Amino acid sequence: MNINRAGSILVPLLFFLAFVLESVHGRPLSLSMSRPKPDDVARFARWLVSQSSWGVLNTLSSDMGGAPFGNVVSFSDGLPDKGRGIPYFYLTTLDPTARNALKDERSSFTISEYAIGTCGKTDPENPSCAKITLVGKLKVLNGDPKETSFAQTALFTKHPEMKDWPKSHDFKIFKLELEEIFMINWFGGPKPLTVDQYLQAKMDSRMAIA
């Protein structure tokens, strides 16, 4: 095989491998915020949500007899260092998730720390690799114009291509109004955490490294 032919094969292969490795291990959105200690439960939860950009949104499907329907979706709770803890979504009613929520608002949203690349080689199911499920009502955002502006900026900043998605697809901004929180970030079972504790946790760049 001549050098030119070898190069034409090797270069695309290297790009592919780099893409796969980055996809598998994920990437943190903000390097200025350190991973909180696991026992700082509320801050850890807020950090995990703020640093994440996607998760699995679960709704109840009337088309499937009320069965749970999980869908991978992008979200934002604000800028990576300034999240408010409330997940916002940009969903089209052409997709089952939005249609389900318009019929039954009961929903849950699950995020894994593995996706942001801070679990190292630890398996995603290992308790030391955190996961959080936010439970509540998935509602269309159509009230306070200030909140709508905040949500749109949060979404389009973290996911720039969203602003160019087709207007004809009837995209709407949704929010998850929180009622319960389930989080595991270390051994010993889920951490006790109320919605108020979660929302009142202060976010800053001085969080201690675990």
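Author: A residue is buried when under 20% of its relative accessible area is left, exposed when over 50% is, and partly exposed in between (1.4 Å probe, protein chains only). This is a predicted model, where local features need pLDDT of at least 70, side-chain atom pairs count only at pLDDT 80 or more, and totals for chains, interfaces and linings use all residues. Residues are numbered from 1 along each chain as its sequence is written, and side-chain values use heavy atoms, without hydrogens and water.

Reader: What makes helix 2 "mostly covered"?

Author: Helix 2 spans residues 41-51 (helices are DSSP runs of H or I, at least four residues; strands are E, at least two; both are numbered from the N terminus). Ten of its eleven residues fall under the 20% cut-off, so helix 2 counts as mostly covered.

Reader: Which residues of helix 2 are the buried ones?

Author: They are Val 41, Ala 42, Phe 44, Ala 45, Arg 46, Trp 47, Leu 48, Val 49, Ser 50 and Gln 51.

Reader: And what covers these buried residues of helix 2?

Author: The cover includes strand 4 (106-112), strand 5 (131-140), helix 4 (145-158), strand 6 (171-184) and helix 5 (195-200).

Reader: Which residues touch the most other members of the largest nonpolar core?

Author: Phe 89 and Ile 132 do, among the 43 residues of that core (buried Ala, Val, Leu, Ile, Met, Phe, Trp, Tyr and Cys joined through side-chain atoms within 4.5 Å). Helix 2, strand 3, helix 3, strand 4, strand 5, helix 4, strand 6 and helix 5 each give two or more residues to this core.

Reader: Beyond its neighbours within four places in sequence, what is Ile 132 in contact with?

Author: Ile 132 has heavy atoms within 4.5 Å of those of Ala 45, Leu 48, Val 49, Phe 109, Thr 110, Ile 111, Ile 181, Phe 182 and Met 183, so each counts as a contact.
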